[in-house]
Amino acid sequence: MSSVQPGCLWVVATPIGHRDDLSVRAIESLRAVAVIAAEDTRHSRPLLLHHGIDTPLIALHEHNERDAVEAIVRRLAAGDSVALISDAGTPLISDPGFRLVRAARAAGIRCVPVPGPCAAIAALSVAGLPSDRFVFEGFLPPKAAARRGRLQQLAGEPRTLIFYESSHRVAESLADMRDVFGGEREAVLARELTKLFETVIGEPLAELVARVAADPDQQRGECVLLVAGCGEEADAKLAEGRRIFAILREELPPAKAAKLAAAISGAPRKGLYVG
Ligand code: SAM
């Protein structure tokens with residue numbers, strides 16, 4: 001294809017479920033490059049073959065990224081065109097590729113985006129939560145204390161929050177969100193997007209937690225969690241709660257100070273202190 005110039009790194013988005021969500025331009029560029037760097041070559045091959053793409057594949061994943069980057073940048077500098085794909089969606093978005101793009105750009109190599117599916121954006125596009133400003137948080141820490149700590153840092157965030165989560169932790173993470181953000185905060189669980197069992201449920205966190213806990217089907221597959229930003233009133237309560245907590249903390253143990261500060265301010269206790 002004439003538009004694939006030599007020595008360029010093509011960063012190509014691939015489907016997040018429905019295999020026909022590979023754009024015409026993605027197919028053309030993947031056919032035309034000298035080599036495709038894929039996160040998992042065995043995973044990507046069936047999709048590529050389905051679209052009649054038989055370009056050679058090399059592996060670029062989080063365990064070999066440092067070594068592979070050097071070799072790929074050398075190839076690019078020698079004039080080969082290379083495409084980067086991940087297992088699903090847009091490379092670099094909670095996927096490998098950052099080191100490669102950074103090194104390629106540092107070496108003066110042109111990096112060309114071939115945009116397409118991204119689970120976070122697909123979920124936001126149907127969630128019905130404010131989409132003018134949002135924050136992509138990727139995956140939360142898997143361990144409970146670190147996860148709650150991260151959520152606490154986000155309790156006063158006014159923009160819509162977007163998280164990736166694995167199905168076996170979705171119930172736990174939602175419960176932590178309810179505790180830290182308060183049960184009334186609106187949230188959306190977007191599951192299996194573009195696939196057979198696609199489900200998008202929007203409810204206050206308290207109801208969503210109860211629904212997911214009661215229905216194991218809601219804990220299967222791939223999911224994106226979205227949470228409305230903190231409204232002005234909740235933000236003011238949180239700020240007041242944190243101010244009171246800081247004063248009480250001088251005289252009282254943290255758990256007691258948080259309990260009192262939450263009762264006085266109306267802010268969720270876990271938004272003030274994680275213990
Ligand atoms: N690079 C990808 C993108 O652009 O969305 C994300 C890769 S990340 C390793 C995988 C996570 O994305 C999953 O754990 C899930 O949170 C989310 N995800 C991917 N495909 C999805 C789908 N079809 N429906 C809902 N969430 C999905």
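## Ligand contacts

A backbone N or O atom of Ala-119 is placed 2.8 Å from an oxygen atom of the ligand. The model is a predicted one. Two further backbone contacts to ligand oxygen come from Thr-90 and Glu-165: a polar backbone atom of Thr-90 is 2.8 Å from a ligand oxygen, and for a backbone N or O atom of Glu-165 the distance to a ligand oxygen is 3.4 Å. On its own the ligand would expose 580 Å², and the protein buries 91% of this area. Strands β7 (160–165) and β10 (223–227) are the elements that supply two or more residues to the shell around the ligand.

The ligand is surrounded by 19 residues. Ile-93, Asp-95, Ala-119, Tyr-164 and Cys-223 are the closest of them. Sorted by class, the shell holds 11 nonpolar, 3 polar and 5 charged residues.

## Domains and the ligand site

The domain assignment divides the chain into domain 1 (8–117), domain 2 (120–229) and domain 3 (232–272). Because domain 1 and domain 2 both contribute residues to the shell around the ligand, the ligand lies between these two domains. Between the C-alpha centres of domain 1 and domain 3 the separation is 48 Å.

## The chain as a whole

The chain contains 10 helices and 10 strands. Its C-alpha trace spans about 70 × 40 × 30 Å along the principal axes. The accessible surface of the chain amounts to about 13800 Å², and carbon and sulfur atoms account for 52% of that surface.

There are 275 residues in the chain, of which 46% count as buried. Taking contacts between residues at least 6 apart in sequence, 69% link residues at least 24 apart.

## Thr-41

Thr-41 belongs to helix α2, which runs over residues 41–50. With a relative accessible area of 19%, Thr-41 is classed as buried, because the cut-off for that class is under 20%. Apart from residues up to four places away in sequence, Thr-41 touches Leu-57, Ile-58 and Ala-59.

## Gln-152

Gln-152 is located in helix α6 (residues 144–154). The relative accessible area of Gln-152 is 15%, so this residue is buried. A polar atom of the Gln-152 side chain lies 3.5 Å from the backbone oxygen of Gly-271. Gly-271 falls within the bounds of domain 3 (232–272), while Gln-152 falls within those of domain 2 (120–229).

## Arg-169

Arg-169 sits in the loop that connects β7 and α7 (170–181). The strand before this loop, β7 (160–165), is one of the elements giving two or more residues to the ligand shell. Arg-169 has a relative accessibility of 18% and therefore counts as buried.

Once neighbours within four places in sequence are set aside, Arg-169 is in contact with Pro-142 and Arg-147. Arg-147 is part of the residue range of helix α6 (residues 144–154), which also holds Gln-152. Arg-169 and Ala-213 are 44 residues apart along the chain, and 11 Å separates their C-alpha atoms.

Methods
Residues numbered from 1 in each chain as written. Predicted model: local features only at pLDDT ≥ 70, side-chain atom pairs only at ≥ 80, totals over all residues. Heavy atoms only, no water. Helix = DSSP H or I, 4+ residues; strand = E, 2+ residues; numbered from the N terminus. Buried < 20%, exposed > 50% of the residue type's maximum accessible area, 1.4 Å probe, protein only. Contact = heavy atoms within 4.5 Å. Near = heavy atom within 4 Å. Polar contact = N/O pair within 3.5 Å; in protein donor to acceptor, adjacent residues only side chain to side chain. Areas by Shrake-Rupley, 256 points an atom, 1.4 Å probe, with all protein chains shown as cover. Nonpolar A, V, L, I, M, F, W, Y, C, P; charged D, E, K, R; others polar. Domains from an automatic or database assignment.
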